[in-house]
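Me: I am new to this protein. Can you take me through its structure step by step?

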Amino acid sequence: MVQLICQDLSVGYEGKRVLQAVSFAVRAGDYLCVVGENGSGKTTLLKTILGLQPPISGSVCLQGGLQHKEIGYLPQQTDVQRDFPASVREIVLSGCQGRCGIRPFYNRAEKQLAADAMRKLQIEHLVKRCYRSLSGGQQQRVLLARALCATRKMLVLDEPASSLDPGAAAELYALLERLNREDGITIIMISHDMWAASRYASHILHLGSARFFGTRAAYQDAFPHAFAGVPRREGDAL
């Protein structure tokens, strides 16, 4: 089932185009890595997909009943956000705000949803800890649990491992793979980590001077040096 279609999409800010005429579709259960050089429009594309800014031209269409409020989003963190003085429980629960509407409190089902997300991300022992006291890897798990409170359909992530050490990054990628494979959650992730793209992506969107959208295997054939030394996965298909 197709969840997202971008057709002849041009995006930018303050009237300036940073990406133009890109078309691709994402199906339920895909793991799409968005790669390319700095300034190629990757983050602006994600914000447009999320409805945080309008496209300059073209269209973004959500399909299969998917709504913007059902997409979990992990943006890049700023230093101020990393120092946010709230408890882990408060931050994870805030992912349920889209479910509350005008109701000024969380109900029992939403509290259970947050508890389930913390258990799935193995952070239930941190529930009373202050967010700013956590390690970078723990903070990303908290934010991922928050995003899971908003969705069981699609997660959109902007360089989620950029500030993590290799061990924490590997743990985060393993969690995302489990959510994708076991729970069927669609992943759209910007990454400069080509090893992660080669290991986990089902599809790759390459932006910049070269343009590509297709399966990981087709990308490896089109850009043979991108995954130098990384073997083709069993089951890869063109």
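Short questions and answers on this predicted model follow.

Me: What is the volume of the largest pocket, and which residues lie closest to its centre?
Reply: The largest pocket holds about 610 Å³ of space. Its lining has 26 residues. The closest to the centre are Tyr73, Pro75, Ser94, Leu143 and Arg146.

Me: Which helices and which strand each supply at least two residues of that lining?
Reply: The strand is S5, residues 71-74. The helices are spread along the chain numbering: 88-93, 97-100 and 136-150. Their names are H3, H4 and H6.

Me: How many residues of the largest pocket's lining are charged?
Reply: The lining has 13 nonpolar residues and 10 polar ones. The charged residues number three.

Me: Where does the largest share of the second largest pocket's lining come from?
Reply: The second largest pocket has a volume of about 160 Å³. It is lined by 14 residues, and Asn38, Gly39, Gly41, Lys42 and Thr43 lie nearest its centre. By class, the lining has three nonpolar, eight polar and three charged residues. The largest share is three residues, from helix H1.

Me: How many residues of H6 are buried?
Reply: H6 has 15 residues and spans 22 Å from first C-alpha to last, close to the 21 Å expected. The buried ones include Gly137, Arg141, Leu144 and Leu148. The helix is mostly covered, with a buried count of 12.

Me: Is arginine 216 buried or exposed?
Reply: Arginine 216 lies in helix H9, residues 216-222. A polar atom of its side chain lies 2.3 Å from the backbone oxygen of serine 198. Its relative accessibility is 1%, and buried means under 20%. Therefore arginine 216 counts as buried.

Me: What kind of aromatic pair do phenylalanine 212 and phenylalanine 223 form?
Reply: The whole structure has seven aromatic pairs. In this one the ring centres are 6.0 Å apart and the planes make an angle of 85 degrees. Planes over 60 degrees apart count as edge-to-face. So the pair of phenylalanine 212 and phenylalanine 223 is edge-to-face.

Me: How many residues apart in sequence are the parts that this pair ties together?
Reply: Phenylalanine 212 is in strand S9, whereas phenylalanine 223 is in the segment after H9. Phenylalanine 212 counts as buried at 13% relative accessibility. Phenylalanine 223 counts as partly exposed at 23%. The parts that the pair ties together are 11 residues apart.

Me: Which residues do ring pairs link into a cluster?
Reply: Here the links are between aromatic rings. The cluster consists of Tyr31, Tyr173, Trp195 and Tyr200.

Me: How far apart in space are serine 163 and threonine 44?
Reply: Serine 163 lies in the loop between strand S6 and helix H7. At 45% relative accessibility, serine 163 counts as partly exposed. In sequence, serine 163 and threonine 44 are 119 residues apart. In space, their C-alpha distance is 20 Å.

Me: Is glutamate 159 buried or exposed?
Reply: Glutamate 159 also sits in the loop between S6 and H7. Its phi is near 50 degrees, a positive value in a residue other than glycine. Its relative accessible area is 12%, and the cut-off for buried is under 20%. So glutamate 159 is buried.

Me: What is the relative accessible area of glutamine 122?
Reply: Glutamine 122 is in the loop between helix H5 and H6. Its phi is positive too, near 60 degrees. Glutamine 122 is partly exposed, with a relative accessible area of 47%.

Note on methods: Residues numbered from 1 in each chain as written. Predicted model: local features only at pLDDT ≥ 70, side-chain atom pairs only at ≥ 80, totals over all residues. Heavy atoms only, no water. 1 Å grid on protein atoms, 1.4 Å probe; cavity = no way out; pocket = protein on both sides within 12 Å on 5 of 7 lines; lining within 4 Å. Points joined across faces, edges and corners; volume = space filled by probe spheres on them. Helix = DSSP H or I, 4+ residues; strand = E, 2+ residues; numbered from the N terminus. Nonpolar A, V, L, I, M, F, W, Y, C, P; charged D, E, K, R; others polar. Expected span 1.5 Å × (residues − 1). Buried < 20%, exposed > 50% of the residue type's maximum accessible area, 1.4 Å probe, protein only. Polar contact = N/O pair within 3.5 Å; in protein donor to acceptor, adjacent residues only side chain to side chain. Phe/Tyr/Trp six-rings, centres within 6.5 Å; stacked < 30°, edge-to-face > 60°.
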